[in-house]
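Trainee: Could you give me a close look at the contacts in this model, and walk me through them slowly?

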Amino acid sequence: MKAKLGMSPIAWWNDDLPELSDDVSLEECLRQSRSAGFTGMEKGRRFPEDPQVMLPILRAADVTLCGGWFSGTLVDEELAANKDRITPMIELFKAVNAPCIVYGEVGRSIQGDRSKPLATKPRLSDDEMKAYARRVTEFGEWCADQGMPLSYHHHMAAVVETEPELDAFMHNSGEGIPLLLDAGHLAFAGGDVLRAVDNHHARINHVHVKDIRRPVVDGLDRSRQSFLDAVALGAFTVPGDGSLDFGAIVQRLADYGYEGWFVVEAEQDPRKAPPQKMAEIGHAELMRVMTAAGYTVETEGFPKG
């Protein structure tokens, strides 16, 4: 089985908490992650939107674009509005041969609002969830028809956060919307990561290997503290520096034949957790557990020739 290792630039630049950002260029971000061994990087705010500008930067860094976040609003807005907003991203991702676009629902979400405690997250009724799941499925099918598959990201403080919410979304949606499994977000929400793999492995097309610091997560006052408070306190980190058993998680994915990207997405304060050091810790731990699970990790970055 083959796998690829990527990172998210959120370790260097945090879009929701600008104070948790390192003042480094895109080129330096790519250099640091590549020197740690990663061959892919998800899109961040400092990436150019023109493929003719992006491709030479990726080629020089020997890195490929391995995904990127789209802020979806299908819980409240119509398909047409989301299609209009995602179309330029689809064309960009096709031009640079990215594997997928990460769909993150921001409609009703409190993930970016530090004034909203975790306990006030939005919740959908059964009928709302059914309608939402059908709408996202239709959107995913449309994006795939345009040549770029989506990957649905369950997320803290959003309408699909908990394991029961993920189960309901997956039950009511279809194969047209694949799943991004994020170990850190599911564990933060109190879910069982291995059980989620068992239940939904057939739809997983992208994996975020985000770790959590269990003492930080368990110590939160969810009636008072927000998702961004949790991030600032260090709730998330890279594999090998946190509390999750990635040996078991990766082995379970291997048992079901998952092949593709494993992306380290770990937003932290770069002054407390230097991104290059964190990248090196995460890469070493992933290589250890992936080798044990029987994966061959691809080492080629930007395609030669």
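Mentor: Happy to! A polar contact is a pair of N or O atoms within 3.5 Å; within protein, one must be able to donate a hydrogen and the other to accept it, and residues adjacent in sequence count only if both atoms are side-chain atoms. This is a predicted model, in which local features need pLDDT of at least 70 and side-chain atom pairs count only at pLDDT 80 or more, while totals for chains, interfaces and linings use all residues. Residues are numbered from 1 along each chain as its sequence is written, and side-chain values use heavy atoms, with hydrogens and water left out.

Let's start with Q268, whose side chain makes a polar contact with the side chain of T237, at 3.2 Å. You will find Q268 in the loop between β10 (260-264) and α11 (275-292); helices (H or I, at least four residues) and strands (E, at least two) are DSSP runs, numbered from the N terminus. With a relative accessible area of 5%, Q268 is buried (buried means under 20%, exposed over 50% and partly exposed in between, for a 1.4 Å probe and protein chains only). Its contacts (heavy atoms within 4.5 Å), leaving aside neighbours within four places in sequence, are A11, L20, R213, F236, T237, V238, A273 and M278.

On the helix α11 itself, look for H283. H283 counts as buried too, at 13% relative accessibility. Not counting residues up to four places away in sequence, H283 touches L5, A36, G37 and F38.

L5 also turns up beside F262, as one of the residues in contact with F262 beyond its neighbours within four places in sequence. The others are A3, K4, G6, V207, V209, V250, L253, M290 and Y295. F262 belongs to the largest nonpolar core, which has 100 residues; such a core is a set of buried Ala, Val, Leu, Ile, Met, Phe, Trp, Tyr and Cys residues joined through side-chain atoms within 4.5 Å. Y132, F169, F262, M290 and Y295 touch the most other members of this core. So two of F262's contacts, M290 and Y295, appear in that list as well.

L253, another contact of F262, brings us to a pair of helices. The axes of α7 (residues 193-200) and α10 (residues 246-255) come within 10 Å and cross at roughly 10°, and the two helices are therefore roughly parallel to each other (an angle under 35 degrees). On the α7 side, V193, L194, V197 and D198 make the contact, and on the α10 side A248, I249, R252 and L253 do. By class, these residues divide into six nonpolar, no polar and two charged. Here Ala, Val, Leu, Ile, Met, Phe, Trp, Tyr, Cys and Pro count as nonpolar, Asp, Glu, Lys and Arg as charged, and the others, Gly among them, as polar.

Pause on V193, which lies in α7. V193 is buried, with a relative accessible area of 8%. Leaving aside neighbours within four places in sequence, V193 is in contact with L181, A183, L186, A187 and I249. M54, by contrast, is 35 Å from V193, C-alpha to C-alpha, and 139 residues from it in sequence.

Helix α7 has another partner, α5 (residues 163-172): their axes come within 11 Å and cross at roughly 5°. This pair, α5 and α7, is therefore roughly parallel as well. E163, L166, D167 and M170 in α5 meet R195, A196, N199 and H200 in α7. Three nonpolar, two polar and three charged residues make up this contact.

M54 comes up once more as a contact of L92, together with K43, P48, E49, D50 and P51, not counting residues up to four places away in sequence. L92 sits in helix α3 (residues 79-95) and is buried, with a relative accessible area of 2%. L92 and P48 are 44 residues apart along the chain, yet their C-alpha atoms are separated by 9.8 Å.

K94, within the residue range of α3, is touched by Q146, which also touches I90, not counting residues up to four places away in sequence. Q146 is found in the loop between α4 (126-145) and β5 (150-153). Q146 is partly exposed, with a relative accessible area of 29%. Its C-alpha atom is 9.3 Å from that of K94, 52 residues away along the chain.

Notes. Axes fitted to C-alpha atoms, helices over the stretch in contact; angles between N-to-C directions. Parallel < 35°, antiparallel > 145°, perpendicular 65-115°, else oblique.
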